[in-house]
Amino acid sequence: MAKQKHKTVLLDELESGPWPSFVSGLKRLRDSDDKKYAPMMNDLLGQLEHSYETTRGFWKGGTVGVRGYGGGVIPRFSEVAEEYPESKEFHTLRVMPPAGMHYTTDFLRKICDVWEEHGSGLIAFHGQSGDIMFQGASTENVQHAFDGLNEIGLDMGGAGPALRTAMSCVGAARCEQSCYNEQKAHRTIINTFLEEMHRPALPYKFKFKFSGCPNDCVNAIHRADFAVIGTWRDDMKINQDEVKAYVKEAGRKYTIDNVITRCPTNALSLNDDDTLEVDNQSCVRCMHCLNVMPKALAPGDDKGITILIGGKRSLKIGDLMGSVIVPFMKLETDEDFERFTEFAERVIEFFAENALDHERVGETIDRIGLPNFLEAVGVDIDPNMINHPRTNSYVRTDDFNEAAKHWISRKKERAEGKDNIRDDFVAAAE
Ligand code: SF4
């Protein structure tokens with residue numbers, strides 16, 4: 001490399017911990033013989049070291065995009081381009097990963113070829129948003145890179161006030177806890193709302209995430225405005241022979257201390273003959289016992305999804321977990337998927353029309369009250385949505401009392417066979 005290497009005294013510190021550091025990766029590219037990446041990475045490291053020294057960021061935004069799309073590129077122009085000219089433009093392309101993040105090695109090689117030709121060679125699998133982050137393209141190369149990626153079947157993800165790239169867990173392909181077809185649900189939603197992703201017109205970002213079971217491997221409950229989490233409403237399945245084998249190997253004391261007493265709702269008990277009893281009405285699907293005894297315990301047969309709305313990281317009113325809006329819904333047949341998509345449409349429409357600028361849907365619900373939101377999206381109130389309704393800041397007591405009266409009368413009607421609501425929005429606990 002002709003130009004002298006920038007010093008990296010502070011960045012070197014990041015390599016001293018136990019985990020691999022991105023700094024080592026950047027240095028590897030800097031020290032390669034490659035005439036394109038080496039100078040770019042040298043200047044990138046130089047600017048980053050300068051940021052650490054001054055505790056200031058030196059990237060500014062701008063307008064960079066690809067033809068036909070309103071978002072998906074994160075522009076990065078250097079404010080200190082004179083000192084670090086080789087990395088003066090370092091834009092990121094957010095690209096949607098396949099549902100469940102399943103790749104073939106052949107496909108990964110093709111992705112790398114495109115990015116080596118048009119970008120810096122740096123790829124992050126995957127960003128917090130779920131995207132494949134192609135980091136480091138010049139303004140001129142953004143379009144070429146996108147065309148290359150598009151040709152092999154990838155499409156731009158979301159950025160700005162728009163529907164964002166969705167994420168789904170690896171799902172039934174490799175996980176026995178999966179309770180629905182996560183990949184199909186993911187693709188159905190994204191294909192339906194693709195316009196909202198590529199032409200930002202919402203008040204703020206809106207994210208869908210899909211987890212196959214309550215382990216919630218994609219962190220849907222606190223990262224998604226619309227979290228879809230697999231669950232079941234019948235009894236969990238028990239293989240008592242496997243329970244006995246587990247107890248025999250681990251010991252009674254270990255089993256009691258690490259499985260039975262760790263159930264948050266005291267739903268488990270171990271019999272004298274080392275068989276397990278589960279009080280399924282009390283189980284809150286925390287997944288602990290299923291995770292530690294996967295051969296002995298499994299989700300029930302009557303599987304479906306729970307929909308939670310309003311999760312997000314900190315913004316105006318702090319971090320929020322999603323609230324249960326649909327306690328249980330089947331998601332198997334074409335009609336189920338249609339109903340599911342219609343519900344998602346109602347939520348997005350509500351958000352588009354009622355949220356303030358820069359307001360996530362969880363904040364909108366906090367502002368207007370949960371009963372109003374439920375009315376707007378056409379869901380009857382259900383006590384299973386709320387743990388302690390009278391102490392929950394989402395709920396105005398008067399509204400809730402009215403709605404609760406309605407729910408009780410509806411429940412009576414259902415018992416008498418008069419109620420005509422669809423049973424897919426009926427709670428698991430009933
Ligand atoms: Fe208890 Fe959790 Fe097991 Fe349910 S899943 S029985 S709540 S430990």
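Is His358 buried, partly exposed or exposed? Select His358 and keep it on screen: at 42% relative accessibility, it counts as partly exposed. Here buried means under 20% relative accessible area, exposed over 50%, and partly exposed in between, with a 1.4 Å probe and protein chains only.

**Before you click further**

You are looking at a predicted model, in which local features need pLDDT of at least 70, side-chain atom pairs count only at pLDDT 80 or more, and totals for chains, interfaces and linings use all residues. Residues are numbered from 1 along each chain as its sequence is written, and side-chain values use heavy atoms, with hydrogens and water left out.

**Zoom out**

Show the whole chain. The C-alpha trace spans about 80 × 55 × 40 Å along its principal axes. Colour by secondary structure and you have 15 helices and 15 strands; these are DSSP runs numbered from the N terminus, helices being H or I with at least four residues and strands E with at least two. Of the 430 residues in the protein, 49% are buried. Among contacts with a separation of 6 or more, 65% come from residues 24 or more positions apart, where contact means heavy atoms within 4.5 Å.

Now colour by domain. The assignment gives domain 1 (9-54), domain 2 (61-156), domain 3 (167-233 + 302-388) and domain 4 (237-298). Those bounds come from an automatic or database domain assignment.

**Stop 1: the loop after helix 12**

Go back to His358, in the loop between helix 12 and helix 13. Check its backbone: phi is positive, about 65°, although His358 is not a glycine. Most residues other than glycine have a negative phi.

Step along to Glu359. Glu359 sits in the loop between helix 12 (334-354) and helix 13 (361-368), and at 4% relative accessibility it counts as buried. Display its surroundings: not counting residues up to four places away in sequence, Glu359 touches Tyr204, Lys316, Phe351, Asn354, Thr364 and Arg367. What does the side chain of Glu359 reach at 2.9 Å? That would be the backbone nitrogen of Leu356. The Glu359 side chain also makes a polar contact of 3.0 Å with the side chain of Thr364. A polar contact is a pair of N or O atoms within 3.5 Å; within protein, one must be able to donate a hydrogen and the other to accept it, and residues adjacent in sequence count only if both atoms are side-chain atoms. For a long-range pairing, add Pro161: its C-alpha is 9.8 Å from that of Glu359, with the two positions 198 residues apart in sequence numbering.

**Stop 2: inside helix 12**

Select Ile348, in helix 12. Ile348 has 5% relative accessibility and so counts as buried. Which residues is Ile348 in contact with, leaving aside neighbours within four places in sequence? Turn on Leu163, Phe193, Leu202, Phe206 and Phe208. Glu196 is 152 residues from Ile348 in sequence and 9.5 Å away in space, C-alpha to C-alpha.

**Stop 3: where domain 3 meets domain 4**

The centres of these two domains, taken over C-alpha atoms, are 31 Å apart. At the interface, 8 residues of domain 3 are in contact with 5 residues of domain 4. About 670 Å² is buried between them, 51% of it on carbon and sulfur atoms; buried area is the accessible area (1.4 Å probe) that two parts lose on being put together, summed over both. Pick out Gln177, Asn215 and Trp232, which supply 69% of the area domain 3 buries against domain 4, more than any other three residues.

How many salt bridges does the rule find across this interface? The count is 0, with a salt bridge taken as a side-chain nitrogen of Lys or Arg within 4 Å of a carboxyl oxygen of Asp or Glu. There are, however, 2 residue pairs in polar contact, both at pLDDT 80 or more.

**Stop 4: a loop in domain 4**

Move to Asp274, in the loop between strand 11 (268-270) and strand 12 (276-278). Its side chain and that of Arg252 are joined by a polar contact of 2.6 Å. Beyond neighbours within four places in sequence, Asp274 is in contact with Val243, Lys244, Val247 and Arg252.

**Last stop: backbone oddities**

Select Met101, in the loop between strand 4 (91-95) and helix 4 (105-118). Met101 has a positive phi, near 55°, and is partly exposed at 25% relative accessible area.

Then find His126, in the loop between strand 5 (122-125) and strand 6 (132-137). The peptide bond from Phe125 to His126 is cis, with omega near -15°. Most peptide bonds are trans.
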